Amino acid sequence: MMGLKIRLFDGEPIEKALRRLKKLVEREGIPKEMRSHIHFVDGTEIRRAKRFKKRFKAREARLHAQMADGTLSIKSLDKAKRLFWKRTGKP
């Protein structure tokens, strides 16, 4: 990251100069870079979240398949999801 310079012209309102500065900062990508440095996420956390999401989608797909086949006695999807979460102990 290199320094940014903005030149104020004679008689230029400060609001206009600030708008130019904001545009320059956005173009340089500084806010995006700062957000990435705010919270470091460890690689194991990312992999753990991916595994959980994969398991969750598989369980939900199985639930939908059981409802489509008629093997699940519950007709309401909301009720089935509530029972599913109660059984698994997640939110």
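**Contacts and surface patches in a predicted model**

Let me begin with glutamate 12, which is buried, having a relative accessible area of 17%, where buried means under 20%, exposed over 50% and partly exposed in between, with a 1.4 Å probe and protein chains only. What I am showing is a predicted model, in which local features need pLDDT of at least 70 and side-chain atom pairs count only at pLDDT 80 or more, while totals for chains, interfaces and linings use all residues. Residues are numbered from 1 along each chain as its sequence is written, and side-chain values use heavy atoms, with hydrogens and water left out.

The partner of glutamate 12 is arginine 20, and the closest N and O atoms of this salt bridge are 3.1 Å apart; the term requires a side-chain nitrogen of Lys or Arg within 4 Å of a carboxyl oxygen of Asp or Glu. Arginine 20 itself counts as partly exposed, at 29% relative accessibility, and the structure holds one salt bridge.

Turning to the surface, Lys16, Arg19, Lys23 and Arg27 form a positive patch, and Ile6, Leu8, Ile14, Leu18 and Leu21 make a nonpolar one of about 420 Å². Patches are built from residues with over 30% relative accessible area and no salt bridge, like charges being joined within 9 Å and nonpolar side chains (Val, Leu, Ile, Met, Phe, Trp, Tyr) within 5 Å. From the positive patch, arginine 19 lies in helix H1, residues 14-28, helices being DSSP runs of H or I with at least four residues, numbered from the N terminus, and arginine 19 is exposed, with a relative accessible area of 53%. From the nonpolar patch, isoleucine 6 sits in the segment before H1 and is partly exposed at 33%.

That segment before H1 also holds glycine 3, which counts as exposed at 63% relative accessibility. The C-alpha atoms of glycine 3 and isoleucine 30, which are 27 residues apart along the chain, are separated by 11 Å.

Finally, the aromatic rings: those of Phe, Tyr and Trp (its six-membered ring) pair if their centres lie within 6.5 Å, with planes under 30 degrees apart counted as stacked, over 60 as edge-to-face and the rest as tilted. By this rule there is one aromatic pair. The ring centres of phenylalanine 52 and phenylalanine 56 are 6.5 Å apart and their planes stand at 20°, so the pair is stacked. Both residues belong to helix H3, residues 43-69, and lie four residues apart, about one turn of the helix. Phenylalanine 52 is partly exposed at 30% relative accessibility, and phenylalanine 56 is partly exposed at 25%.

Methods: Helix = DSSP H or I, 4+ residues; strand = E, 2+ residues; numbered from the N terminus. Areas by Shrake-Rupley, 256 points an atom, 1.4 Å probe, with all protein chains shown as cover. Lys, Arg positive; Asp, Glu negative; His and termini not counted. Charge placed at Lys NZ, Arg CZ, Asp CG, Glu CD.
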